[in-house]
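Work through these short exercises with the sequence and the model side by side. Each task is followed by its solution.

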Amino acid sequence: MERMRDESVSTAALEQFYAELKAGGTQLHAIELFEKGKCLIRWALAPYSCADKRECYSLSKSFMATAVGLAYDRGLLSPDDLLSRYFPQQIANHADERWKRVRVRHLLSMTLGHSSCPMGGMALSADSIQGFFDAPLEHEPGEHFAYNSGAGCVLGEIVHQVTGFTAQEFLMRELLFAMDIKDICWESCTDGRCQGGTGLKASCDDVAKLGLLYCSRGMWNGRRLLSEEWIDLAGSIQASTECNGTRDWRAGYGFHFWKNHHEGFRGDGAFGQLCIILPERETVVVIMAESANMQNEIDCVWKLLEQLHTGGQGKGLPYGFRPRMAEKPEDGTGFDSGWLRCTENPMGFTSMRVVEKDDRLALTLCDALCTQTIRAKDGEWEIQDFMAKELRPTLYRQMPRDARTCLRMACAYRREQDRLIMECRVLNTPHRLWWNIRKEATGLEIVLESPFDVIGASREWHAFADRK
């Protein structure tokens with residue numbers, strides 16, 4: 001766990017913040033808070049870290065908007081450019097004349113005319129850009145807001161065209177390296193194009209630096225990296241969202257940033273990833289979490305800001321998420337399932353073995369080409385990498401998953417009655433998952449589940465293992 005807290009910050013206010021988040025359905029993983037460029041809070045709960053590179057979901061859009069802003073600052077593109085400048089063939093061949101009136105600003109403000117997000121179809125298409133144009137327009141460009149991750153993918157392609165670099169490489173060369181933001185990556189669509197509107201893996205530290213750049217109106221260590229003009233465009237209302245969700249999602253939308261109901265603007269991503277930028281207060285708040293209620297999460301941030309320097313000292317902040325201890329078997333012995341053959345399952349596992357010994361659990365899984373073991377301790381996190389097919393937690397079930405994706409996991413286990421339960425906190429995503437293992441007469445029953453069912457398999461999926 002990481003802690004950094006200015007003595008002027010009320011511990012009681014932080015305790016109340018954490019308790020109210022928890023009561024509202026948010027598991028806080030990390031928070032950073034800056035005032036006037038000074039870090040007042042840098043706090044992560046074990047096993048998480050402010051340096052974890054993790055799936056940011058739609059916070060990716062704010063990084064993509066920054067890449068577009070850099071290209072704008074260099075005179076390479078304009079929000080008023082017609083989309084036909086970049087995709088002349090697709091638009092010339094389109095029967096819908098409305099495409100000829102779509103501009104770059106409509107992509108940035110999500111008002112291009114789609115009624116729903118086309119990203120699912122784009123991501124798995126042999127040509128993601130063609131998949132974007134295949135999704136029909138139902139509104140005149142500029143007249144209807146519809147959240148659109150696919151727009152971020154198209155913006156990434158535009159940046160690629162005008163700079164000669166992918167959006168990630170352009171950002172690194174022109175901005176991120178100078179800000180000491182390194183080792184970030186972006187997931188791709190099936191055709192290899194940057195997903196753009198989602199799929200970025202960055203840390204709480206990285207996101208905080210982006211927020212500070214916008215809060216300081218483009219200045220970093222005395223050097224201008226991004227123009228004030230672009231920051232004003234990105235952070236001001238470019239589209240009405242008055243019919244969209246709760247109050248902080250009805251306050252308006254800029255260029256891949258949301259306006260806040262109270263003041264300022266923010267980037268955000270699914271399940272509670274927040275970068276709240278308050279220029280008038282010279283304040284930035286970044287949160288990494290797994291949240292069931294993001295409006296409550298934002299409400300808790302406002303309360304924290306009100307009480308930040310008042311309220312005195314509390315009893316103490318939580319250390320982290322402590323794994324539950326296992327119930328000890330009555331006979332005091334361990335367990336070895338022996339090698340078992342798996343029935344057909346979405347992960348492609350063909351064989352497995354479970355060994356429990358000396359308060360440790362080892363779950364060995366084989367697919368056709370790879371054998372790996374997940375190790376867990378009783379009541380203590382054990383951190384490891386695990387490569388598996390079809391096991392990347394993601395918001396979109398239909399998003400491409402690599403043949404094997406690396407999960408950075410903190411694992412612990414416990415025994416409950418007739419089950420062994422292995423909890424895995426996936427440090428490079430906001431998510432958790434559980435392996436529920438139960439002995440049967442013929443072998444084992446395995447139930448894999450996660451709170452938001454984001455692992456690409458139904459909560460009710462069962463993998464049965466039978467002896468050869």
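**Exercise 1.** What percentage of the 468 residues of the protein chain count as buried?

Solution. This is a predicted model: local features need pLDDT of at least 70, side-chain atom pairs count only at pLDDT 80 or more, and totals for chains, interfaces and linings use all residues. Residues are numbered from 1 along each chain as its sequence is written, and side-chain values use heavy atoms, without hydrogens and water. Buried means under 20% relative accessible area (1.4 Å probe, protein chains only). The share is 59%.

**Exercise 2.** State the secondary structure and judge the compactness.

Solution. Count DSSP runs: helices are H or I, at least four residues, and strands are E, at least two. The protein chain has 11 helices and 23 strands. Next, take the radius of gyration over C-alpha atoms; the globule rule is 2.2 Å times the number of residues to the power 0.38. The rule gives 23 Å for 468 residues and the protein chain has 24 Å, so it is as compact as a globular protein of that length. Its C-alpha trace spans about 75 × 60 × 40 Å along the principal axes.

**Exercise 3.** Describe the nonpolar cores.

Solution. A nonpolar core joins buried Ala, Val, Leu, Ile, Met, Phe, Trp, Tyr and Cys residues through side-chain atoms within 4.5 Å. The largest has 76 residues. Leu-83, Leu-107 and Trp-230 are among those with the most contacts inside it. Helix H2 (residues 59-73) gives the most to this core, 9 residues. Apart from it lies another core of 40 residues, including Phe-17 and Trp-302.

Key. Buried < 20%, exposed > 50% of the residue type's maximum accessible area, 1.4 Å probe, protein only.
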